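Notebook open, structure loading. I want to jot down what I look up as I go.

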Number of protein chains: 2
Amino acid sequence: MKRSDLFLKTRKEVPSDEEAKNAQLLIRAGYIHKEMAGVYSYLPLGFKVLENIKQIVREEMDAIGGEEMLLSTLQHPHIWQSTDRWDDAKVDVWFKSALGEGSEVGFGWSHEEPMSRLMTQFVSSYKDLPVYAYQFQTKLRRELRSKSGLLRGREFIMKDLYSFSRNREEHDKFYALVEQAYHKVYDRMGIGSITYKTFASGGPFAKYSHEFQTISDIGEDTVYLDETKKLAVNQEVSADEVLQELGLERNGLVEKKAVEVGNIFTFGARYSEPLGLFYTDENGVQQPVFAGSYGIGISRLMGLLAEIKSDEHGLVWPAGLAPCKVYLASLGDEEEVRRQANDAYGYLTDKGVSVIYDDRDERPGEKFADADLLGIPYRLVISQKSLESGGFELKKRTSTEVTIVQKDGLSALLTKAGQA
Amino acid sequence: MKRSDLFLKTRKEVPSDEEAKNAQLLIRAGYIHKEMAGVYSYLPLGFKVLENIKQIVREEMDAIGGEEMLLSTLQHPHIWQSTDRWDDAKVDVWFKSALGEGSEVGFGWSHEEPMSRLMTQFVSSYKDLPVYAYQFQTKLRRELRSKSGLLRGREFIMKDLYSFSRNREEHDKFYALVEQAYHKVYDRMGIGSITYKTFASGGPFAKYSHEFQTISDIGEDTVYLDETKKLAVNQEVSADEVLQELGLERNGLVEKKAVEVGNIFTFGARYSEPLGLFYTDENGVQQPVFAGSYGIGISRLMGLLAEIKSDEHGLVWPAGLAPCKVYLASLGDEEEVRRQANDAYGYLTDKGVSVIYDDRDERPGEKFADADLLGIPYRLVISQKSLESGGFELKKRTSTEVTIVQKDGLSALLTKAGQA
């Protein structure tokens with residue numbers, strides 16, 4: 001992408017109507033646009049980051065047998081009434097709207113009910129199970145206060161997977177697979193070492209649910225970590241008897257703030273029974289389908305990564321999530337510089353390396369500041385001075401060291417960029 | 001994909017609550033699920049078709065300089081009040097919901113206003129123009145009656161592109177480029193020869209807008225075709241003076257029903273002025289940005305293709321849109337058959353050919369009927385009989401001719417499948 005073709009403007013000043021650091025940075029860097037509190041649009045570079053996050057999650061969900069699909073946003077009251085989750089007194093985040101005379105529709109804030117009901121069409125025998133279906137879906141929630149940027153929105157993007165199994169044993173096997181897949185997701189995003197499997201409150205079909213909590217001062221949750229066991233307990237379930245049951249010593253635990261980046265939940269027959277999702281087992285006996293749900297907040301991860309992978313100069317995307325690998329800046333208007341910059345841009349693009357080529361007539365300081373603010377993993381500078389030094393100046397976003405690379409050296413760069 | 005791993009059930013009977021042929025077929029084939037009138041969820045195979053349609057449109061929009069992004073669903077009343085399109089008396093398809101005390105949000109049924117307002121942050125000088133931004137977006141519309149399946153939904157997926165230009169001349173150049181890109185899209189979907197650029201009513205900034213109408217008896221629109229000039233006129237603007245102006249002879253026109261599959265529209269300063277989208281030109285004079293919008297109904301195209309690319313046996317997807325290229329069916333339970341079927345599945349998958357492998361213990365008739373109903377371009381059958389004939393039976397969905405291909409012949413199949 002040539003910078004002159006991108007509709008992108010960075011800002012030095014912090015937007016006055018935005019309190020959250022993640023949104024401030026993403027707005028300043030031209031990744032998102034605030035529509036209203038808790039509601040953001042994704043600009044071209046932000047959209048690429050979002051798609052990169054989705055792609056990592058998609059690969060890991062596909063690898064454990066997930067089938068991607070897409071449920072509707074509009075929700076019929078009937079199916080939510082059957083589980084007693086339509087009434088505003090029971091669920092206070094519903095957006096609802098009039099449809100025709102006296103009838104209403106809701107806007108999906110979660111999708112257990114429609115997914116379970118849909119499965120009644122596809123599951124009748126034990127031979128139809130298990131099923132693992134997931135989607136990336138824009139969820140809408142009537143949050144009255146919303147001031148954490150992408151961390152808690154009225155409109156946000158979530159991956160929600162639902163498992164439908166014959167029994168608890170089959171369910172437990174998949175549940176463990178998801179747990180591994182989630183760890184892979186967080187590792188690939190560079191937050192594996194600070195993300196803990198966390199015990200949280202369960203429900204009628206499971207004593208505990210599990211959250212994945214990333215340690216960060218901006219978190220809304222308080223967790224107690226056992227750093228050697230790589231486990232955590234959410235404050236809400238941190239009573240003495242729970243710690244004892246989990247084999248944790250209160251003295252060995254560290255209290256931290258954390259952001260919930262995923263959750264996995266066993267709900268057994270909780271939705272299957274009221275929605276009529278039953279199957280006939282090997283002995284001809286009708287059984288409720290045993291279900292679970294597995295969420296990852298996609299836009300929340302984008303906000304969290306913006307917040308914790310950043311420094312005083314701006315964003316610092318992990319290579320797999322950045323909207324491109326290289327920020328190529330040409331400095332000065334000498335013909336030779338311009339020619340070599342165009343060459344390098346063509347060369348890298350041909351090799352499949354994504355590049356923002358800052359071809360604008362701007363001061364070097366502006367271009368360097370933008371490369372940093374945007375958080376692109378590699379900065380490649382071409383100027384009269386760099387050419388006199390024998391090539392192009394290469395700097396990683398995470399380092400201050402500048403090395404001179406030659407045209408031939410750019411393929412080494414490719415390799416490095418691929419590994420970063 | 002192994003059929004035994006897919007959650008997919010086909011139905012012989014037509015769903016009783018569905019009037020539209022497109023939705024009946026797609027439901028019977030397990031591509032979509034009806035949530036309520038005009039609202040459908042996309043099951044794994046249907047989701048793939050949707051993504052294939054989007055990918056074709058994406059490639060053609062990127063090729064003319066479009067930048068992909070994603071606007072929000074939730075809409076703030078304020079920006080729509082400034083163009084007088086918030087009031088239900090002016091726009092009768094709004095879904096609206098209470099937010100907090102006395103405040104409301106809307107749900108995006110179109111996005112001219114938020115896109116124009118967003119651009120005020122990125123456009124101030126002639127140097128910032130032109131900008132071409134697009135998205136694939138789930139639109140929500142309060143249609144009181146909805147019974148055309150995917151052709152007119154309360155929830156549907158649309159590609160909407162917006163152009164922002166310095167002046168009419170710059171706008172007109174891009175408008176012509178979009179027209180060419182749209183013809184490429186329809187050609188790639190196999191409906192190019194029956195899709196006509198159609199003159200329709202314009203507005204204050206353009207005498208006409210242009211629709212792309214695909215001839216079909218199920219269409220809601222009536223158009224008059226000039227088949228030699230490959231042009232059409234919507235009935236709404238087919239007065240004598242219009243025909244004269246366009247150089248069309250009423251006697252030479254054929255009246256047809258048609259489905260609108262795209263539209264391109266010049267709106268000039270209509271939204272720019274009330275939303276404050278101005279730029280400073282080369283002479284330092286402030287000018288309103290000259291804008292246009294360009295829509296393609298993604299889910300509508302899926303419905304239309306299901307409706308017109310089908311026969312008495314089911315769907316007939318064009319190769320570029322089908323959820324996979326080959327339906328591989330093994331017949332009988334002989335060990336050699338099973339072994340060769342597994343071999344062929346592995347071979348094709350390794351070569352990057354997408355396959356549904358019907359490994360179920362079902363009668364041949366069931367498997368053939370499903371291959372036809374699903375509309376997969378190639379059917380490959382392996383049985384004791386086919387092996388005795390020297391290989392695998394290959395049949396195109398659009399043909400009754402069966403040829404015997406050998407293992408080595410499968411790579412020829414790859415080539416054919418790529419071209420189809």
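Before I place anything in a loop: helices (H or I, at least four residues) and strands (E, at least two) are DSSP runs, numbered from the N terminus. Also noted: this is a predicted model.

Entry: odd backbone angles. I looked up Lys230(A), which sits in the loop between strand S11 (221-226) and strand S12 (231-234) of chain A. Lys230(A) is not a glycine, yet its phi is positive, about 55 degrees. Its relative accessibility is 35%, so I put it down as partly exposed. In chain B I found Asp84(B) with a positive phi of about 60 degrees, and that one is not a glycine either. Asp84(B) lies in the loop between helix H3 (77-81) and strand S5 (95-98) of chain B. I have it as partly exposed, at 42% relative accessible area.

Why bother writing these down? Because most residues other than glycine have a negative phi, and most peptide bonds are trans.

Entry: cis peptides. In chain A, Leu129(A) and Pro130(A) are joined by a cis bond, omega about 0 degrees. I find Pro130(A) in the loop between helix H4 (112-119) and strand S7 (131-140). In chain B, a cis bond with omega about 0 degrees links Leu129(B) to Pro130(B).

Entry: charge. I see a negative surface patch made of Asp333(A), Glu334(A), Asp361(A), Glu362(A) and Glu388(A). Asp361(A) is in the loop between strand S20 (355-358) and helix H10 (364-374) of chain A. I log Asp361(A) as exposed because its relative accessibility is 77%.

Entry: symmetry. Chain B lands on chain A after a rotation of 180 degrees with 0.0 Å of shift along the axis, RMSD 0.0 Å. So I wrote "two-fold axis". In chain B, Ser97(B) has the C-alpha nearest that axis, 2.6 Å from it.

Key: Residues are numbered from 1 along each chain as its sequence is written. Chains are lettered from A and ligands numbered from 1 in the order in which they are written. This is a predicted model: local features need pLDDT of at least 70, side-chain atom pairs count only at pLDDT 80 or more; totals for chains, interfaces and linings use all residues. Side-chain values use heavy atoms; hydrogens and water are left out. Patches are made of residues with over 30% relative accessible area and no salt bridge: like charges are joined within 9 Å, nonpolar side chains (Val, Leu, Ile, Met, Phe, Trp, Tyr) within 5 Å. Accessible areas come from the Shrake-Rupley method with a 1.4 Å probe; for residues, only the protein chains shown count as cover. A salt bridge is a side-chain nitrogen of Lys or Arg within 4 Å of a carboxyl oxygen of Asp or Glu. Lys and Arg count as positive and Asp and Glu as negative; His and the chain ends are not counted. The place of a charge is taken as NZ of Lys, CZ of Arg, CG of Asp or CD of Glu. Buried means under 20% relative accessible area, exposed over 50%, partly exposed in between (1.4 Å probe, protein chains only). Copies are superposed by least squares on the C-alpha atoms of residues with pLDDT of at least 70 in both.
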